[in-house]
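Morning, everyone. I have one structure today and two places in it to talk through. Please have the picture open while I speak.

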Protein chains: 2
Amino acid sequence: MLARREPVTLRALVEGTGASTMAVYTHFGGMPGLWRAVRQEGFTRLAARLSTVPAGSDPVQDLAALGAAYVANALAGPALYRAMFDAAADLEDPGAAEAPFRTLVASAARARDGGRFAGESDPEAVATRIWAAGHGLAMLVLTGALPVEALDAHAPAMVTALCVAAGDREERAARSVRAGWAAARPLGA
Amino acid sequence: MLARREPVTLRALVEGTGASTMAVYTHFGGMPGLWRAVRQEGFTRLAARLSTVPAGSDPVQDLAALGAAYVANALAGPALYRAMFDAAADLEDPGAAEAPFRTLVASAARARDGGRFAGESDPEAVATRIWAAGHGLAMLVLTGALPVEALDAHAPAMVTALCVAAGDREERAARSVRAGWAAARPLGA
DNA sequence: CGCTATACATAGCAGCGTCATGCATCGATG
DNA sequence: CATCGATGCATGACGCTGCTATGTATAGCG
């Protein structure tokens, strides 16, 4: 129903299933509980998608690939992605939003340990900033404030800028990000 | 009602005003029209707030100050800010979202023309990226995915990184952003 | 002064989430 | 094997939502 942009109503949900609305109350405790489960599922799928991005020898390229996969996930299920962030802190498992984030942190840490980023660069901070950049860009596109082309136009540049700020050399970061972004481009073709 | 986190319902809206629900239909055409007007008002207020940031001699400092004012506006009225981006493209005046954006573009253009940014740097692109960074950070905080401290911790760093990528020298950008951010800090004190 | 068009109060409708009630069904217990 | 308690859920109803058909004032204009 989310994918078809239909309004998600309790009655429409159970129609055709042979079940009644009470089943939803038994299993989810009500509509807010159902949405909580939906958000949970959204973060689970996001984590799954990010985990398909292989960790290669170039951690900066991996960061860009993770960013591309993240944005691609948002674009593939816009309604689900927006629902996830209606109340990102209210999940069945409160730590579920952490899993996708950890993937980013891990790559940032590898970049630092491998000498690409400065020794004093904080992997959590770098990951948070890349997350915020991707989320902001994705949200602006999903809400219609920016055209979809903005993703390809700005996301790689933002990731590059953040990696350079973390200590990578400009030319090298640009090359790695280009490669990583191309490997998991959000827009097909 | 938005500020008090009360659910915005037609009946609660007219209660106590002496008017009936029909008045809303006369003036706004229904609930979606009312929300459209609310979003419009949100963008108008945002533009007003950004216009209070004076254009000083340091355009990079101005960019940071605009970013701080933008985030402060979001934090001052979280519900309004979120409502604005429920459908940022559906406004009474479709160009209303452009006004705040233009303020950013103007500062980026001044930075380029004044030699702070590279001659080939695109002010619209720089402004879009700063916007996306601020929006992403603000949204993650408003939805509870990040703590409020994340704003001070990451927003200045992101703006700096984007300005450096646009051509500014690292140390100089950092100093300007620090000054601009402090001038219009989102979190009081 | 009278006519028309606009503004809105009233009352009611369909659809929503929710829950009290009651009926099955299943697993444990004697 | 029979019985009893607990669980799962279908039924129906309740209050609230946005919406609108109807009727009535009121304001503006010839």
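A:His27 has a polar side-chain atom 3.0 Å from a phosphate oxygen of DNA strand D. Bear in mind that this is a predicted model, and the distances I quote are computed from it.

Chain B has contacts of its own here. B:Tyr25 places a polar side-chain atom 2.8 Å from a sugar or linking oxygen of DNA strand D. With B:Met31 the backbone is involved: one of its N or O atoms lies 2.7 Å from a phosphate oxygen of that strand.

Now step back to the whole surface around the strand. How many residues surround DNA strand D? There are 17, and the closest include A:Ser20, B:Leu10 and B:Arg11. By class, eight are nonpolar, seven polar and two charged. Helix H2 (21–28) of chain A supplies at least two of these residues, and so does each of helices H1 (10–14), H2 (21–28) and H3 (31–51) of chain B. On the DNA side, 51% of the strand's atoms within 4 Å of the protein belong to sugar or phosphate, and the rest belong to bases.

The second place is between the two protein chains. Helix H8 of chain A, residues 149–166, packs against helix H7 of chain B, residues 123–142, at an angle of about 70°, and their axes are 10 Å apart. The two helices are therefore roughly perpendicular. From H8(A), the contact uses A:Ala153, A:His154, A:Ala157 and A:Met158. From H7(B), it uses B:Ala125, B:Thr128, B:Arg129, B:Ala132 and B:Ala133. Sorted by class, this contact has six nonpolar, two polar and one charged residues.

Key. Residues numbered from 1 in each chain as written. Chains lettered and ligands numbered in written order. Predicted model: local features only at pLDDT ≥ 70, side-chain atom pairs only at ≥ 80, totals over all residues. Heavy atoms only, no water. Near = heavy atom within 4 Å. Polar contact = N/O pair within 3.5 Å; in protein donor to acceptor, adjacent residues only side chain to side chain. Helix = DSSP H or I, 4+ residues; strand = E, 2+ residues; numbered from the N terminus. Nonpolar A, V, L, I, M, F, W, Y, C, P; charged D, E, K, R; others polar. Axes fitted to C-alpha atoms, helices over the stretch in contact; angles between N-to-C directions. Parallel < 35°, antiparallel > 145°, perpendicular 65-115°, else oblique. Contact = heavy atoms within 4.5 Å.
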